[in-house]
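Trainee: May we go through this model together, with the reasoning behind each term set out in full?

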Amino acid sequence: MRLELMTSPAVEAYLRTKPGIVIPVGATEQHGPDGLIGTDHLCAEAIARRFGEAHGVVVAPTIAYGMSQFHLGFAGTITLRPSTLIAMVHDIIASLAATGFTRLYILNGHGGNLAPVRSAVQEFYAALSLAGGKVPSPVHCRLKSWWEMPSADALRKTLYGEQEGYHATPSEVAITMASHPDHITPFERPAPRQPSHDGLLHAGDNYYDAADYKARYPDGRVISHSALATCEAGEKLIGLAADDLARDFAMFCAAT
Ligand code: NI
C-alpha cells in the first residue's frame, strides 16, 4: 500500500486498524561503472514495497536523496548536506506523527544516511522533552538498513563473501536488476582495485571529501565486484529482506 496512491479517508481508516508505516530512504549517487545512480533508494523501495504489498502495510514515498557528499566527484550524484537531511527526515517524522501514525519504521539503503537520520529522530524527541511533556509519546521510531536484515545479510555473505565490499555491492546491484529489469546494463569491468587501507574508512561510510574519495576509489566502487550481481540473486534478496522486515516490523508495532 503506497501512501501516495491512497486517499486521506483511506489513511484514516487504515489508522483505525494499524499504527505503522515504512519510510524507505536512500540516495542518488554514483554506483561505479555498472550500478544505477538510484541504487540505494531503489533497493530500500523495492524491499519496503514488497513487504507493504504482502502485509497490507502503508509505505511512504521514498526519500530518494541522501547524504552523499563524498560521491560528488562522479557525474549524476546529488547530495543533501547532513543538516538538510536531518531537517527533511525530522519534518517527515513530525508530519506522520501529527496525523496519527505511531510506529515509524525507516528502512535505509545508504550507510551515509545513518548518522543524519538518527539525529533527525533525536531532534523529534528532543523537542518533546524540552517542552517538558510528562506523558510518554506514543510515537516510536526505528531505523534499520536493509543489509542488516538477517536472512538477506546471510545470503549476501554466502553469495559474495569479501567481494561484496562496501559500495556498489553485487547484492545491491542485484536488487536493482530484479526490481528494474529494463535497466540492466552490461557488465564489462573486472573487480575494482583493492584499496590498501580498506579497514580504515569504509565502516559507516566514514569518508573524507569527494576529491579524496575519487583519488582512493577511481572507478567509484569500494572493493565491491558488482559484475557478480544476477537478477536471480536480487529476487532472492528482496524476498528474504521483505520477510525479515515483516518479522521486525511486527515486533516493533507490538512493543510498548
Ligand atoms: Ni549503495
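Mentor: We begin with a definition: a helix is a DSSP run of H or I covering at least four residues, and helices are numbered from the N terminus. Please also keep in mind that this is a predicted model. With that definition, one can place glycine 132, which comes just after H4 and takes a positive phi of about 80°.

Trainee: What makes H4 a helix, and how does its reach compare with the expected value at 1.5 Å a residue?

Mentor: A run needs at least four residues to be called a helix, and H4 has 17. From its first C-alpha to its last, H4 reaches 24 Å, close to the 24 Å expected.

Trainee: Which residues of H4 are buried, and against what do they pack?

Mentor: Leu114, Pro116, Val117, Ala120, Val121 and Phe124 are buried in H4. The buried residues of this helix pack against H3, E3 and E4. H4, residues 114-130, lies across E3 and E4 and runs at about 175° to E4. Helix H3, residues 82-98, lies across strand E1 (20-25), E3 and E4, at about 150° to E3.

Trainee: What can be said of the span of helix H2, and is H2 mostly covered or mostly uncovered?

Mentor: Helix H2 covers residues 39-55, and its 17 residues should span 24 Å at 1.5 Å a residue; the end C-alpha atoms are 24 Å apart, so the two values agree. H2 is mostly covered, since 13 of its 17 residues are buried. Just after H2, glycine 56 takes a positive phi of about 60°.

Trainee: In what order do the four strands of the open sheet lie, and what makes a strand an edge strand?

Mentor: The order is E2-E1-E3-E4, with parallel pairing. Strand E2 (58-59) and strand E4 (140-145) are the edge strands, as each pairs on one side only.

Trainee: How do you know that strand E3 and E4 pair?

Mentor: At least two bridges are required for a pair. Strand E3, residues 103-108, is joined to E4 by six bridges in the parallel sense, so the requirement of at least two is met. Within this region, leucine 107 stands opposite lysine 144 in E4. In general, strands of a sheet pair through backbone hydrogen bonds.

Trainee: How many disulfides does the structure hold, and why is cysteine 141 not bonded to cysteine 253?

Mentor: It holds zero disulfides. Two cysteine sulfur atoms must lie within 2.5 Å to count as a disulfide. The sulfur of cysteine 141 is 12 Å from the closest cysteine sulfur, in cysteine 253, and is therefore too far for a bond.

Trainee: Why are cysteine 141 and cysteine 253 placed in the classes they are given?

Mentor: Buried means under 20% relative accessible area, and partly exposed means between 20% and 50%. Cysteine 141 has 18% and is therefore buried, whereas cysteine 253 has 21% and therefore counts as partly exposed.

Trainee: What makes the contact between aspartate 248 and arginine 142 a salt bridge?

Mentor: The cut-off is a side-chain nitrogen within 4 Å of a carboxyl oxygen. In this pair the N to O distance is 2.8 Å, so the rule is satisfied. Aspartate 248 lies in helix H9 (residues 231-254) and arginine 142 in strand E4, so the pair ties together parts that are 106 residues apart in sequence. Aspartate 248, at 9% relative accessibility, is buried, while arginine 142, at 29%, is partly exposed. By this rule the count comes to twelve salt bridges.

Trainee: How far apart in helix H5 are aspartate 153 and lysine 157, and is each buried or exposed?

Mentor: They are four residues apart in helix H5 (residues 150-160), which means a separation of about one helical turn. Their side chains meet in a salt bridge at 2.9 Å, N to O. Aspartate 153 is buried at 16%, whereas lysine 157 is exposed at 52%.

Trainee: Finally, how do you know the class of threonine 169, and where does threonine 169 lie?

Mentor: Threonine 169 has 7% relative accessibility, which is under 20%, so buried is the correct term. This residue lies in the loop between H5 and helix H6 (170-179). Leaving aside residues up to four places away in sequence, threonine 169 touches Glu164 and Ser224.

Definitions and conventions: Residues numbered from 1 in each chain as written. Predicted model: local features only at pLDDT ≥ 70, side-chain atom pairs only at ≥ 80, totals over all residues. Heavy atoms only, no water. Helix = DSSP H or I, 4+ residues; strand = E, 2+ residues; numbered from the N terminus. Contact = heavy atoms within 4.5 Å. Axes fitted to C-alpha atoms, helices over the stretch in contact; angles between N-to-C directions. Buried < 20%, exposed > 50% of the residue type's maximum accessible area, 1.4 Å probe, protein only. Expected span 1.5 Å × (residues − 1).
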